[in-house]
Amino acid sequence: MKLITCESVFAGHPDKVCDQISDAIVTECLAQDSRSRVAVECAIKDNLVILFGEITTYANVDYVEVAKDTLKGIGYTEDFEVLVKISKQSRDIALGVDKEGAGDQGIMYGYATYETKTMIPYPLLIAQQISRKMDDLRRSRYSDIFGPDGKCQVTADEDCNIKTIIVSAQTKPKADMNKVRYIIKEEVIKPIVESIEGIDILINPTGAFEIGGPYADSGLTGRKLMVDTYGGVARHGGGAFSGKDPSKVDRSGAYYCRYVAKALVKAGLCHKCEVGVSYSIGVAEPVSISIDTFGTSIVPEETLLNIINKCFDFRPASIRKELQLDSVNYERTACYGHFGRTEVCFPWEDVDEKVKQIKATSQTR
């Protein structure tokens, strides 16, 4: 029996804190200047935040204020010191992007599976839902019991039967661990998985988890790549997403690959699909496009590649326009994954029109 394990983290996990700060800056820059070029990263340890990278924009953004507001929104109310080391984008990179080419060379992947309605791996879906529910309950009812940090890990077999759920949630000092475990089991896990019979549930298995967030561990933008994508079930390209504007194909190319893979699965042409693309810096047309349906395609994969070439345009400027990437709130992507979300609709998840186009193309072949 093959088991698949996926992880999600809470909003207050130190790496996710950095992702959210970086993407809050991206969102604010684009809101004021849609042609902003942003490549900003964040590091955090204790009450020190460091912002560094390259930003070229006409926007007037107070980076320190954005960082502090983001921290406060997550649940960290301490007095943070924020250091900023940000310069303008290299002119060498700008030359390629200005010509509507890719902002960098690289490889990106997108994945979709028919095993869930949102077309992401089942254990990842459950881990995301548990993490989000924990954060919602902390903010609405249990801020006196739980802190912002935490993780959830779910293991399931290939038939989507959950075998193990692990939740490690930060708690306030002297929290009643029996109450902690009761809340997580009864108010979080049970409403999501319905039946917990036969599931091994481990809640704070080491006991107290009182020191969390940046005080327990350092954080850095782009360090939770599998949490951001498909939980390790599918391949991930060479770059992170957060802190980058849509001209960066690390982000836009990966979103488009997901868009393509999901559309093909939803069109009924395969049950699983992984789409890959590679770019050269400054060149609009991709170097390569690949597809793997893991033996689930009802037509040859060569046929699917022909459909992709007819229905999808992988040029970075086209992706940006088609998916309306200038108007996305990227801060909302930075926690609970960039794909398969149910509480928010990102444009790369809305594939209905593409499905119609794919079906029309398939019928005319």
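**Helices, strands and their contacts**

Helix 2 (residues 63-74) lies across strand 2, strand 3 and strand 4, and runs at about 135° to strand 4. Here, helices (H or I, at least four residues) and strands (E, at least two) are DSSP runs, numbered from the N terminus; angles run from 0 to 180 degrees between N-to-C directions, with axes being lines fitted to C-alpha atoms, for helices over the stretch in contact. The model is a predicted one, so local features need pLDDT of at least 70 and side-chain atom pairs count only at pLDDT 80 or more, while totals for chains, interfaces and linings use all residues. Residues are numbered from 1 along each chain as its sequence is written, and side-chain values use heavy atoms, with hydrogens and water left out.

Now for the sheet under that helix's strands. Its 4 strands form an open sheet in the order 4-3-2-9, with mixed pairing (two strands pair if DSSP finds at least two bridges between them). Strand 4 (81-87) and strand 9 (219-220) are the edge strands, each pairing on one side only. Strand 3 (residues 48-56) runs parallel to strand 4, and 7 bridges join the two. Along this pairing, Val49 stands opposite Val82 in strand 4. Helix 1 (residues 14-32) also lies across part of the sheet, namely strand 2 (37-45), strand 3 and strand 9, at about 150° to strand 2.

Elsewhere, strand 7 (residues 162-171) and strand 8 pair in the parallel sense over 4 bridges, and Ile165 has Ile201 of strand 8 as its bridge partner. In a regular strand the side chains alternate between the two faces of the sheet. Strand 8 (residues 200-203) does just that: Ile201 and Ile203 point to one face and are buried, while Asp200 and Leu202 point to the other and are not. Buried means under 20% relative accessible area, exposed over 50%, and partly exposed in between (1.4 Å probe, protein chains only).

Helices meet each other too. The axes of helix 8 (residues 301-311) and helix 10 (residues 352-363) come within 10 Å and cross at roughly 120°. That makes helix 8 oblique to helix 10 (under 35 degrees counts as roughly parallel, over 145 as roughly antiparallel, 65 to 115 as roughly perpendicular and the rest as oblique). Ile307, Lys310 and Cys311 of helix 8 make the contact (heavy atoms within 4.5 Å) with Lys354, Gln357, Ile358, Thr361 and Ser362 of helix 10.

Finally, Lys321 lies in helix 9 (residues 316-322), and counts as exposed because its relative accessibility is 72%.
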